[in-house]
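User: I should like to learn how strand pairing is read from a model. Please begin with the general idea and then turn to the case at hand.

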Amino acid sequence: MDIRVATLCDFAQVREGLLFVSSAGITRVYRESFPAPIGVMLALVLEMSPVEAANANKIKVRVEDADGKKLAEMVGEVQVKLGSGHDPGELVNVPFVADFRAMKLPSPGRYQVAIHPEVDGANPVALGFRAAVRNKT
């Protein structure tokens, strides 16, 4: 399994095996005061072999502060039933979404969303972002 797309966004959903993403590439989160909702979702596209896709694969997603302290965690399972339209050995793109919009950030600072596929040989990915107080001008 490889993570081919990983982005923080305003909204994401999976429909009929397709990933829809709105306002992707978030690296800054501005709020009036803290604690405040993070207000972001995570959108992923995982590339899997047919064998990987047929098995239940766990993926852990954590929101962490700058010191690596866990603020939130979600564990999901990815499994795809392949139809007759796939060629033997063809790699499969599997969309995955995690919703952290309501999770509270305790204060301004650096944070990251760490993605850990629990599959042998899969590399973790971390998406860093900064939370700050919105300037009142």
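Analyst: The following turns treat strand pairing. This is a predicted model, in which local features need pLDDT of at least 70, side-chain atom pairs count only at pLDDT 80 or more, and totals for chains, interfaces and linings use all residues. Residues are numbered from 1 along each chain as its sequence is written, and side-chain values use heavy atoms, with hydrogens and water left out.

User: Which strands form the open sheet, and in what order?

Analyst: Strands are DSSP runs (E, at least two residues), numbered from the N terminus, and two strands pair if DSSP finds at least two bridges between them. Here, 4 strands form an open sheet in the order 2-1-5-8, with antiparallel pairing. Strand 2 and strand 8 (92-99) each have a single partner strand and stand at the edges, so one side of each lacks a neighbour in the sheet. On average, neighbouring strands of this sheet are turned by 45° against each other, direction ignored; the axes are lines fitted to C-alpha atoms, and angles run from 0 to 180 degrees between N-to-C directions.

User: How many bridges join strand 1 to strand 5?

Analyst: Strand 1 (residues 2-15) and strand 5 (residues 41-48) run antiparallel and are joined by 7 bridges. Within this pairing, Leu 8 is opposite Leu 42 of strand 5.

User: What joins strand 1 to strand 2?

Analyst: These antiparallel strands share 6 bridges, strand 2 covering residues 18-24. Ala 12 has Val 21 as its bridge partner in strand 2, and Arg 15 stands opposite Leu 18. The hairpin of strand 1 and strand 2 has 2 residues between the strands, and Glu 16 takes a positive phi near 50° there.
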